[in-house]
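Trainee: I have a structure open and some questions ready. Can we go through them together?

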Amino acid sequence: MNLHEHQAKALFGQAGIPVPSGKVATTVDEAYASAQEIGLPVVIKAQVLTGGRGKAGGVKVAKTLEDVKTHAGNILGMSIKGLTVHKVLVDPASNIAQEIYLAVAMDRAAGRPVLISSSEGGVEIEQVAHDKPEAIIREHIDPLLGLHDYQTRSVASAINLPREHWRAFSEIALKLYQCYVENDAMLTEINPLVVTKEGVVMALDGKMVIDDNSLYRHKEIAAMRDLTAEDESETQARQAGIAYVKLNGQIGCMVNGAGLAMTTMDMVKLYGGEGIGPANFLDIGGGAQADKVVAALRIILSDENVKAVLINIFGGITRADEVARGMIQAYNEVKPTVPIVIRLVGTNAEEGRKIIEEANIPQLLTAATLTEAAQKAVEAAKGAK
Amino acid sequence: MAILADKNTKLIVQGITGREGRFHTKQMIEYGTNVVGGVTPGKGGEWVEGKPVFDTVKQAVEVTGANASIIFVPGPFAADAMFEAIDSGLDLVVCISDPVPLWDELKVFNYLKTNNKKTRLIGPNCPGLLTPGQAKIGIIPGMVGKPGNVGVVSKSGTLTYEVVYALSNAGLGQSTCVGIGGDPVPGTNFVEVLQMFEDDPQTEKVVLIGEIGGRAEIDAAEFIKKHMTKPVAAFIAGASAPPGTRMGHAGAIIEGGEGTAAQKAEALKAAGVRVADNPEQIPNLLK
């Protein structure tokens, strides 16, 4: 789960990292009042869960209160990479002398968190990695021992930070790591960490990604989820315990297991060619009980782009004939109007197919292989156009 | 031979009195796995499927002589169960639990590595192992496999069943099928299992099933190129997945343009691996 800049900076602030004393505003009037309170100049920053806000015109400096009105008016309601801006952060502007990159991330291959820093702050780290990889300094952290003081000093030295700022830098790095650990983060990033002309080191921006698997022990963070940033169907799916990601294609997919769900999407794309693709990723989990199939089918069909549905279920411990009965029940409850291709494989797959064929519902088609199922679904979607 | 588990493996089930634990204990016993007991704190003295239940792993090991455990406890308690199994000196621990917080996994992973523990951990968030005809330690449906000489290693669950089933139907039996799980930091990675298959006399060919996210398949490709003499076929799931979005598994996410299916397929092909763009092609690639 990704946090907004203002949420990440609030958590940084609680951990003792210096952050600007900004305020969140949802209307132009609120932004105006905040700017008055904070004092000019201020920076108005779009709060959307994507990078490239600056390039899209979502970050503006306001030197006058008139500017505040203009910029807040332009930014609120703006769409950045398909996401509507509902909130802005009004931060006091800083006199920047130096911009640094500082993050704690997860190094999957090493199986350890890693402190990453660069003297090239303020630009996307992927860009730095591409253009100037030697400017990125990495220091792995033993999760059982934590981040050592000396490691933060060696990073400060490696990025050529002036010595007078080492103490402040080390403290921020240690607190950033603490923030990473205490909140079960997968990424805590400050970009840029600035040294101001007054000699203060502080986090001007903030990004945090929280491990979804740990949200059960962070109720306060789970409550920060921005439901406006996701599709309503995704919210419904999460509440039903179904893993669902909305995509832009025409064939709705319902599968048990994440790997098989991705593969089913891949087959739709492989046989769909130009113009036909998967409408979603959906993993209904083990069992494929009727009530879950009903919920999944409703979620898939709430997407108006869906012209056909492909259901691919591996019957292992749950037998395919039981799954087939569940499918018929779900069909009768949901009454879909688009064609549905069902492919059952595994234990009692033959019996399962027979149950579906004998139900004699013209919209329900069966397939024996994944290839055949994908081809049939593509045909059905093309026919429906 | 086979790897990791065979008919001599003496297994205990952690979380044996829970719904999942009870169900799969029955399934494993029916398959022929040598289940010798189980553990649920506070339920020592009970019996499940004719097997004794103990309060602690240590007691279970002392009484039954178990050398392996399978964990079915809920995700929030999985790390504790893994630590208990590791500290009890078991050779093999398979953790089915899902979801497990990444931080918990990291602690267990680093505890194993930095203390040179002998325990081999598979998972968490994995379907476990199947050595056809001998032992099933996990939730892979027994009917999918049949004994033979193909080693299968995968990040997935049902996709693995699908591929193994297709192999069996094509007359290609398996030595062992290993589901390492789809989390970002699995207890055992592709390279470690590939090494075991390379060393196993029974295994003649290998199937690797990967997916988007991370670089485990790239590392596998490098290993295959340098160290493997046995032929490998592969499939990478997620060619159609968008970047920056987690696709079900915690590890299945393309980040900063890294970890795409195309990059992985290319690295594997460069290592001489036959890569399928449709998993149903895999049996043909092994013939």
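Mentor: Sure, and let's settle one term before we start: two residues are in contact if their C-beta atoms, placed from the backbone, lie within 7 Å. Also keep in mind that this is a predicted model.

Trainee: Okay, so how many residues of chain A are in contact with chain B, and with how many residues of chain B?

Mentor: Use that 7 Å cut-off on the C-beta atoms. Counting on both chains, the contact takes in 45 residues of chain A and 49 residues of chain B.

Trainee: Which element of chain A gives the most to the side that touches chain B?

Mentor: Several elements supply at least two residues each to that side of chain A, including strand 14 (243-246), strand 18 (340-346) and helix 13 (370-384). Helix 9 (258-272) is on that list too. With eleven residues, the top giver on chain A is helix 9.

Trainee: And how do the residues on that side of chain A divide by class?

Mentor: Sort them into three groups. The side of chain A that touches chain B has ten charged residues, 13 polar and, for the nonpolar class, 22.

Trainee: Let's move to the sheet in chain A. In what order do its four strands come?

Mentor: Start at the edges, where each strand pairs on one side only: these are strand 2 (23-25) and strand 4 (59-62) of chain A. The twist from one strand to the next averages 25°. The sheet is open, its pairing is antiparallel, and the order in chain A is 2-7-3-4.

Trainee: Which residue stands opposite A:K45?

Mentor: Look at strand 3 (residues 42-46) and strand 7 (residues 88-92) of chain A, which run antiparallel and are joined by five bridges. Across from A:K45, in strand 7 of chain A, is A:L89.

Trainee: Which helix lies across those strands of chain A?

Mentor: This one lies across strand 2, strand 3, strand 4 and strand 7 of chain A. It runs at about 15° to strand 7 of chain A, and covers residues 28-38: helix 2.

Trainee: Last one, on chain B: which element gives the most to the side of domain 1 that touches domain 2?

Mentor: The domain assignment gives domain 1 (11-122) and domain 2 (140-286) of chain B, with C-alpha centres 26 Å apart. Nine residues of each are in contact with the other domain. On the domain 1 side of chain B, seven are nonpolar, none polar and two charged. With four residues, the top giver there is helix 4 of chain B.

Note on methods:
Residues numbered from 1 in each chain as written. Chains lettered and ligands numbered in written order. Predicted model: local features only at pLDDT ≥ 70, side-chain atom pairs only at ≥ 80, totals over all residues. Pairing = 2+ DSSP bridges. Axes fitted to C-alpha atoms, helices over the stretch in contact; angles between N-to-C directions. Domains from an automatic or database assignment. Nonpolar A, V, L, I, M, F, W, Y, C, P; charged D, E, K, R; others polar.
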